[in-house]
Amino acid sequence: MPILLSADHAPRLDELLEAADTTGLTWRIESDEAAMPRIAGVGTLAGAGESELAFLANPRYEHQLDACGAAAVIVAPAVAAAHRMRRAETGSAPLILVACAEPYLLYARIAQWLERAQRGHLARGVHPSAVVGDVSLGQGVRIGPLAVIEDGAIIEDGVIIGAGCFIGAGSRIGADSLLHPRATLYRGTSMGPRAIIHSGAVLGADGFGFAPDPHNPDVVWSKIPQFGNVTIGADVEIGANTTIDRGALDDTRIGDGVKLDNQIQIGHNTQIGAHTAMAGCVGVAGSATIGERCTFGGSAMILGHLKIVDDVHISAASLVMSSIDKPGRYTGAFPLDEHRDWERNAAVLRQLARLRRRIQALEE
Amino acid sequence: MPILLSADHAPRLDELLEAADTTGLTWRIESDEAAMPRIAGVGTLAGAGESELAFLANPRYEHQLDACGAAAVIVAPAVAAAHRMRRAETGSAPLILVACAEPYLLYARIAQWLERAQRGHLARGVHPSAVVGDVSLGQGVRIGPLAVIEDGAIIEDGVIIGAGCFIGAGSRIGADSLLHPRATLYRGTSMGPRAIIHSGAVLGADGFGFAPDPHNPDVVWSKIPQFGNVTIGADVEIGANTTIDRGALDDTRIGDGVKLDNQIQIGHNTQIGAHTAMAGCVGVAGSATIGERCTFGGSAMILGHLKIVDDVHISAASLVMSSIDKPGRYTGAFPLDEHRDWERNAAVLRQLARLRRRIQALEE
Amino acid sequence: MPILLSADHAPRLDELLEAADTTGLTWRIESDEAAMPRIAGVGTLAGAGESELAFLANPRYEHQLDACGAAAVIVAPAVAAAHRMRRAETGSAPLILVACAEPYLLYARIAQWLERAQRGHLARGVHPSAVVGDVSLGQGVRIGPLAVIEDGAIIEDGVIIGAGCFIGAGSRIGADSLLHPRATLYRGTSMGPRAIIHSGAVLGADGFGFAPDPHNPDVVWSKIPQFGNVTIGADVEIGANTTIDRGALDDTRIGDGVKLDNQIQIGHNTQIGAHTAMAGCVGVAGSATIGERCTFGGSAMILGHLKIVDDVHISAASLVMSSIDKPGRYTGAFPLDEHRDWERNAAVLRQLARLRRRIQALEE
């Protein structure tokens, strides 16, 4: 199970709960003992060890509590009460509980604190093998080995740039952002604070823009150079090998709090509203405008030059061919079937218009 | 807005039009003043500043002309005439126009000139941190920091290889090609002149070839080593994180002028004809033969061992399961619907063959 | 055609057949001459030269045998016999044949031997430009230029790590594995022996996990830090730009002999059984459990938290929305059609439930 901190850096459970951001959450430690355990990591209910914190969010797993070997478990207050009663009846071993009405969210907040604490093992400063031009480096910045940062880049306080990242000229990385190894930012990319960019992500490659050229038989497609940039808000996460193209003239813009999974493709000039989330393999063609708080299932595809309003939810593998002006859930995916049945139905599907005419004829 | 050149490198408008490739295009500068402005960049009609060139290709935006602050605007001759008349009537501020029957194409050609001019800021020669084997380097070559070029590679005149690119043994990069940072070319990859390869593209990884092996329970799939190469024509552009596999024995071939967007996967032994263009996330399985001037919408998928003739256009998210021997437009995508409606219709879709039999029964 | 070994390293045909792993296969060299040719590479039946080995597995190409210029050809015994008879009749030029009941599999085994032999040209040891922490390096290890290996990594015997790879802290690379340039392994990734990882693959990026957070308007999605690892069995191949996310708490697990093509996305906590193979662009959402010996066609998409039993075969571009508990072949893809026909049929598809009611009305 994941041990994240060495024993001498592990906080006591009560210290950890005070240190983590628990805004809006109420919690209470229920323990028979005065001594608080030290928390060095987290684990599952079934697997956590004596220095690890676990959580119980799904009632289905409540039976695992009795055999749980964790240092402490975050549970809903009702679960804590039931556990207390059961222990009084059966005399089972004591277990430290943290009661909270939203156990999963409290777990998330604590895990975020631990994750940031473990970043401390990275060396501060610029690794000697990195190639760093004339740039502005904030306080406490960490630049990994073999990273390249071109002239004019602004790296704000607390940023971590992983091994082998490329930061193009004039880019700006907001405070406390974390770029994992081998992220690539073309010139002029900018992002707000607390971004997380995963390996292999490419921000700012050319949008796919060509004009048909009838005057030169060697050049059927004449390239439209792409001069806009990629501009990203605060608290954005971008997954591994995801690509976001630079705008043609204006910028491609990703709003605050947007979460993009792996292998997503965002075409040039696209505008994505705040807190929209996309699962892996989604594709957005150029010049789409997508609202706030939308969600997109894996491999959904959105055509270009269309508009999707706020609070639209697109199912996995669905194709959006035209604008959507009403919030709601939309789907367009072929239902899976045994291959032989699919073959039969797909054959009829290709005659569907004819079939309707036959029904009309019967009705007349 | 994108300023591309410093003031002392910015050409005068008339110099720029003479310097750019305007083959096949007729243009005329319409200005009240003798002095020509210097053009340091380009911008949108709404956003361009006094040293930037804009264009008007879509009549919808013609009303923006009057308030336009650009150094000059490329417009159709009729728009120029109308603007002249309007100015005579209203006495609005003078605006330098470049009249051309194909304003977007003229813009593209000029923008291409500017894009190449701005490459001049990159340092010539080999960055000291690059690891370059026994290779042939042409005139005016630029090799970025931390690039790796293996023995036997041929880098022709004017090539730019970005930071962290990997060029495998015996590869050949045609003159004036531009490889953005972190492009990866396995050994033996070759490309013609003027290629543009974006970051994260991988050319020449092994094709996906395995033989079932019944003789070794540990090896259900026995690997077919991939010994062919990737061979790319002239004027090809390959998007970020796109992958093109090497052939099994013969080469995977990409024709002249082919344009591939981001995150496209081209399987081994595939042959793509000249000037075919594919939007993002398209997948082509192995050993497909695709004609010239075809287009593929985003996320289209083409199965292997099939043939598509010239001038075929496949819509987004459509699956090509068999050969296509007639030019035209083809589609196969599930129409999007509100989720509840989709559920109802999808349920019936799985009974479609039965439904047809019921219609037949009614007809009899 | 691919010459793989220099003349002085090329084995004689009989030596090659003895050296290669031919477990379970029976073969016989049929030659008129005592002298055995040296085999420096392989080629197609039509293109192989005098130092290259070819094979004939598809009877369709049998007519190419007579003009074949290869050093030797692997054929089925019946083909060898027919060729002998034809030569006796026509007196055509002698050709060395290797008769084997499974010519393609014998070819694969020999090609594997040649592929490993050619790796010998890579320099042993650690390239001076690599940045290698406090790690364990096995015998005969090769580390390419500009690779980064963090503290605590274990690199077993015979491993080759290509230029620019990143191996995170505490990772383990099994013996004789081959990592192509620019593969990226986050901390704690482990793999068994004989893995092949292609360029741009990213193992161990964060899974896509967020909890809705109603207490902070700036944080609609609260990140669940991902602390599990990626654990990969023996003999696994992972394609270019494929991404496999680390688990949330437990590990994401890829079984022995699994073959993943390019640009596949595997979500966190996913479990893939031994010898399952996936073609390019497949996506698997989080927490899916996939059986052994399954196959997935290109661009198939599997939703999360579902279970697929052993020996299930999913067709290309099909979406798996729920668990599959019966082996077999499953499909769900919209059949391609001429665009106008598709338009007509798709329009009716959106009224399918209504159409069924009309049929019911007619029946009543």
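## Three chains and the contacts between them

Let's start where two of the chains touch: 71 residues of chain A are in contact with 72 residues of chain C. Keep in mind that this is a predicted model. Put together, chain A and chain C bury about 6000 Å², with 66% of that on carbon and sulfur atoms. On the chain A side, the residues that lose the most area to chain C are A:Arg182, A:Leu336 and A:Arg350, which together make up 11% of what that side buries.

Which elements of chain A give two or more residues to this side? They are α3 (103-118), β26 (259-260), β29 (277-278), β38 (337-338), α4 (339-349) and α5 (352-363). Helix α3(A) gives the most, with 9 residues. Sorted by class, the side of chain A that touches chain C has 36 nonpolar, 22 polar and 13 charged residues.

Now for chain B, which meets chain C as well. Here the contact takes 73 residues from chain B and 71 residues from chain C. In chain B, B:Phe208, B:Phe227 and B:Leu249 lose the most area to chain C, together 12% of what that side buries. The side of chain B that touches chain C counts 42 nonpolar, 18 polar and 13 charged residues.

Here are the two interfaces, one per row.

| Interface | Buried area | Share on carbon and sulfur atoms |
|---|---|---|
| chain A and chain C | about 6000 Å² | 66% |
| chain B and chain C | about 6000 Å² | 65% |

Next come the charged and polar links. Across the interface of chain A and chain C there are 5 salt bridges. One pairs A:Arg109 with C:Asp213, whose closest N and O atoms are 2.9 Å apart. The polar contacts between chain A and chain C come to 29 residue pairs. The interface of chain B and chain C has 5 salt bridges, and B:Lys326 forms a salt bridge with C:Glu338, with 2.9 Å between the closest N and O atoms. Polar contacts between chain B and chain C join 28 residue pairs. As for who takes part, the elements of chain B that each supply at least two residues to the side touching chain C include β19 (202-205), β24 (243-245), β37 (328-331) and α5 (352-363).

Strands also pair across the chain boundaries. β38(A) is joined to strand β37 (residues 328-331) of chain C by 2 bridges, and the two run antiparallel. In that pairing A:Asp337 stands opposite C:Thr331. At the other interface, β37(B) pairs in the antiparallel sense with strand β38 (residues 337-338) of chain C, over 2 bridges, and there B:Thr331 stands opposite C:Asp337.

How do the chains relate to each other? A turn of 120° and a shift of 0.0 Å along the axis lay chain B on chain C with an RMSD of 0.0 Å. That is the relation of a three-fold axis. Chain A can be laid on chain C by a turn of 120° and a shift of 0.0 Å along the axis, with an RMSD of 0.0 Å.

Finally, a look inside chain B. It holds an open sheet of 9 strands with parallel pairing, in the order β8-β11-β14-β17-β22-β25-β28-β31-β34. Why is one side of β8 (136-137) and of β34 (307-308) left without a neighbour in the sheet? These strands stand at the edges with a single partner strand each, so one side of each has no neighbour there. Further in, strand β25 (residues 252-254) and strand β28 (residues 271-272) of chain B run parallel, joined by 2 bridges. B:Ile254 stands opposite B:Ile272 in β28(B).

Key
Residues are numbered from 1 along each chain as its sequence is written. Chains are lettered from A and ligands numbered from 1 in the order in which they are written. This is a predicted model: local features need pLDDT of at least 70, side-chain atom pairs count only at pLDDT 80 or more; totals for chains, interfaces and linings use all residues. Side-chain values use heavy atoms; hydrogens and water are left out. Two strands pair if DSSP finds at least two bridges between them. Helices (H or I, at least four residues) and strands (E, at least two) are DSSP runs, numbered from the N terminus. Copies are superposed by least squares on the C-alpha atoms of residues with pLDDT of at least 70 in both. Contact means heavy atoms within 4.5 Å. Buried area is the accessible area (1.4 Å probe) that two parts lose on being put together, summed over both. A salt bridge is a side-chain nitrogen of Lys or Arg within 4 Å of a carboxyl oxygen of Asp or Glu. A polar contact is a pair of N or O atoms within 3.5 Å; within protein, one must be able to donate a hydrogen and the other to accept it, and residues adjacent in sequence count only if both atoms are side-chain atoms. Ala, Val, Leu, Ile, Met, Phe, Trp, Tyr, Cys and Pro count as nonpolar, Asp, Glu, Lys and Arg as charged, and the others, Gly among them, as polar.
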